[in-house]
Amino acid sequence: MKQIKRAFAMLMCVATVLSLCMTFAVAGNVCQEIKGTGKPDESVTFTVTTNGKWGKNDLKITQTKGKANLYWSDRQPEEYGRYTVTYKNSNGKEKSKKLTGSEVKLDLKPNQTYTVTVTAYSYDYYHVHIGATGGGFMNWKVAPEWKVSAQKNVELCQ
């Protein structure tokens, strides 16, 4: 009976150690979750390092829709946030893309370090373009949220 208890205790220890190892392995490419909102002029900057010489070095930014409050209207349209995504590699080469729908993908070169900045459009832009026929954007009742995901060859840090 003692041997069965010892074997069971050893099995539980091994299972615990393995589960901890799996947790760290899954989270190994992200220093922390990188995310932001569509609040006007909000800006988030983070670092991306690509490791692979070949294969996918993609970085994807996805977002949810928010609910906008409009002047002179009870409507609360669901809208995506609008952002400029700027990414610069360690050689100083800079590119920009727009995130105005559900996602944008950045194709990154292997063995590079990038600084990525996601900046929400200004209040003036939102005011003119969201709910213009219903009174113009006042603020977000529920702000849209974006987050970053990467392939296994990409490390993220904020």
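How many salt bridges does the count come to? The count comes to three, and point 5 goes through them. This is a predicted model, and the notes below are meant as a friendly first tour.

1. **The chain as a whole.** A good place to begin is the list of elements: the chain has two helices and twelve strands. Reading along the sequence gives the pattern α-β-β-β-β-β-β-β-β-β-α-β-β-β. In other words, a helix opens the pattern, nine strands follow, then comes the second helix, and three strands close the pattern. Of the 158 residues in the chain, 34% are buried. The accessible surface of the chain is about 10,000 Å², and carbon and sulfur atoms hold 55% of that surface. If we take the contacts in the chain with a separation of 6 or more, 75% of them are between residues 24 or more positions apart.

2. **The five-strand sheet.** Next, please look for the open sheet of five strands, whose order is S7-S6-S9-S2-S12 and whose pairing is antiparallel. Strand S7 (94-99) and strand S12 (154-157) are at the edges; each has a single partner strand, so one side of each has no neighbour in the sheet. On average, and with direction ignored, neighbouring strands of this sheet are turned by 25° against each other. As general background, strands of a sheet pair through backbone hydrogen bonds, in a parallel or an antiparallel way. At one end of the order, strand S2 (residues 43-50) is joined to S12 by four bridges, and the two run antiparallel. To find this pairing on screen, start from threonine 50, whose bridge partner in S12 is valine 154.

3. **Strand S11 and its partners.** Which strands pair with S11 in the antiparallel sense? One of them is strand S1 (residues 35-37), which pairs with S11 (residues 145-150) over three bridges. Here threonine 37 stands opposite glutamate 145 in S11. Strand S3 (residues 58-63) also runs antiparallel to S11, and five bridges join the two. In that pairing, threonine 62 stands opposite lysine 147 of S11. It may help to keep in mind that side chains in a regular strand alternate between the two faces of the sheet.

4. **Glutamine 63.** Is glutamine 63, a residue of strand S3, buried or exposed? Glutamine 63 counts as buried because its relative accessibility is 8%, and the cut-off for buried is under 20%. A polar atom of its side chain lies 2.9 Å from the backbone nitrogen of glycine 81. Apart from neighbours within four places in sequence, the residues in contact with glutamine 63 include Tyr80, Gly81 and Tyr83, as well as Leu99, Thr100, Gly101 and Ser102. Pro144, Glu145 and Trp146 are also among its contacts. Glu145 is the residue we met in point 3, where it stands opposite threonine 37.

5. **The salt bridges.** Now back to the opening question and its three salt bridges. Lysine 35 is paired with glutamate 33, with 3.8 Å between the closest N and O atoms. Glutamate 33 counts as exposed because its relative accessibility is 51%. Arginine 82 forms a salt bridge with glutamate 79, and their closest N and O atoms are 3.5 Å apart. Arginine 82 is buried, at 13% relative accessibility. Glutamate 94 and lysine 88 form a salt bridge in which the closest N and O atoms are 4.0 Å apart. Both of these residues are partly exposed: glutamate 94 has a relative accessible area of 48%, and lysine 88 has one of 38%.

6. **Two positive phi angles.** Most residues other than glycine have a negative phi. Which residues could a newcomer look at here? Tryptophan 72 is not a glycine, yet its phi is positive, near 55°. Tryptophan 72 sits in the loop between strand S4 (66-70) and strand S5 (78-79), and counts as exposed because its relative accessibility is 76%. Asparagine 111 is also a residue other than glycine with a positive phi, of about 55°. Its place is the loop between strand S8 (103-107) and strand S9 (113-120). Asparagine 111 is partly exposed, at 45% relative accessibility.

Technical notes. Residues are numbered from 1 along each chain as its sequence is written. This is a predicted model: local features need pLDDT of at least 70, side-chain atom pairs count only at pLDDT 80 or more; totals for chains, interfaces and linings use all residues. Side-chain values use heavy atoms; hydrogens and water are left out. Two strands pair if DSSP finds at least two bridges between them. Buried means under 20% relative accessible area, exposed over 50%, partly exposed in between (1.4 Å probe, protein chains only). A salt bridge is a side-chain nitrogen of Lys or Arg within 4 Å of a carboxyl oxygen of Asp or Glu. Axes are lines fitted to C-alpha atoms, for helices over the stretch in contact, and angles run from 0 to 180 degrees between N-to-C directions. Contact means heavy atoms within 4.5 Å. Accessible areas come from the Shrake-Rupley method with a 1.4 Å probe; for residues, only the protein chains shown count as cover. A polar contact is a pair of N or O atoms within 3.5 Å; within protein, one must be able to donate a hydrogen and the other to accept it, and residues adjacent in sequence count only if both atoms are side-chain atoms.
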